[in-house]
Amino acid sequence: PEVKLPTTTNQVERNQANSLPHPGQPGHLLQMREDMPIETELMLLCSMSGSGSRTVWEDVTLSTPLSFSNNCVQFTTVVSAQFWLLKLPAWMASDKLAIADRIFRSAMRVPYLAQLWVFWREAERKEGVELRVVMVTEGERVTENTLEEKENFTLLGKSAELDILDKSEMQLRISGNMETISGSVQKINFRPFMENRATAELKRKEAYAPAAGQVEVVTDCEEVLFTMPLLFQMGEK
């Protein structure tokens, strides 16, 4: 006997002020500023990834008819899956699946309150210093009998409380008259309530200039999370 699969109709509300373009048609002009209109495109993405598997998105805009009424977008499907209507600037359309994947993964990650603590000590290598950045989740105690105290590091400074996403990969960027020595660790993979440390060995670019510079902590989304000036008093610690 023939089995007729059930169909489901999905409705997605849309902003009344910004009507959505039909698939395959040029995007409408969304007036962000009077002198800078941005052309946008609407895309329907689908994922049939199972529970516990990484979500993989497929563009089904052209194969799924969309209808527009009462400020809603409607479409019909015979499969059970995740659907996502995504509106992007037209110039991003060629990278839509990669962009959608980054947005989705970022939205699924849990944010935690954390602080960055920056320490330093003179290195065994002549004219070198070791810079250590510690990422501390809210509630952790780092001021009593710490590893940094035992290893004779000195505190340079710390950040205010920051929102940091779980599993973020932070990169240390050094500028000024300091640079990292090849092979030195420059990344922190953030895990809440665990030890998150990175130690980078630095040296002066110009031997006779002050041992000064700047450290930036940058997320895997290229967001500058924290910036601090560096000034090392070599031989005066």
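1. The largest pocket encloses about 240 Å³ of space. A pocket here is an open set of points on a 1 Å grid over the protein atoms alone, where a 1.4 Å probe fits, with protein on both sides within 12 Å along at least five of seven lines. The volume is the space filled by probe spheres set on the points.

2. This is a predicted model, in which local features need pLDDT of at least 70, side-chain atom pairs count only at pLDDT 80 or more, and totals for chains, interfaces and linings use all residues. Residues are numbered from 1 along each chain as its sequence is written, and side-chain values use heavy atoms, with hydrogens and water left out.

3. Residues lining the largest pocket include Arg102, Arg105, Arg109, Asp166, Lys167 and Asp220. By class, the lining has six charged, three nonpolar and one polar residue.

4. The largest nonpolar core (buried nonpolar residues joined through side-chain atoms within 4.5 Å) has 28 residues, and Ile164 and Phe232 are among those with the most contacts inside it. Strand 8 (111–122) and strand 11 (162–165) are among the strands that each supply at least two residues of this core; strands are DSSP E runs of at least two residues.

5. Beyond four places in sequence, Ile164 touches residues including Val110, Met135 and Phe190 (contact: heavy atoms within 4.5 Å).

6. Lys187 lies in strand 14 (residues 187–189). Lys187 is partly exposed because its relative accessible area is 44%, between the cut-offs for buried (under 20%) and exposed (over 50%), with a 1.4 Å probe and protein chains only. The C-alpha atoms of Lys187 and Ala200 are separated by 9.0 Å.

Definitions and conventions: Helix = DSSP H or I, 4+ residues; strand = E, 2+ residues; numbered from the N terminus. 1 Å grid on protein atoms, 1.4 Å probe; cavity = no way out; pocket = protein on both sides within 12 Å on 5 of 7 lines; lining within 4 Å. Nonpolar A, V, L, I, M, F, W, Y, C, P; charged D, E, K, R; others polar.
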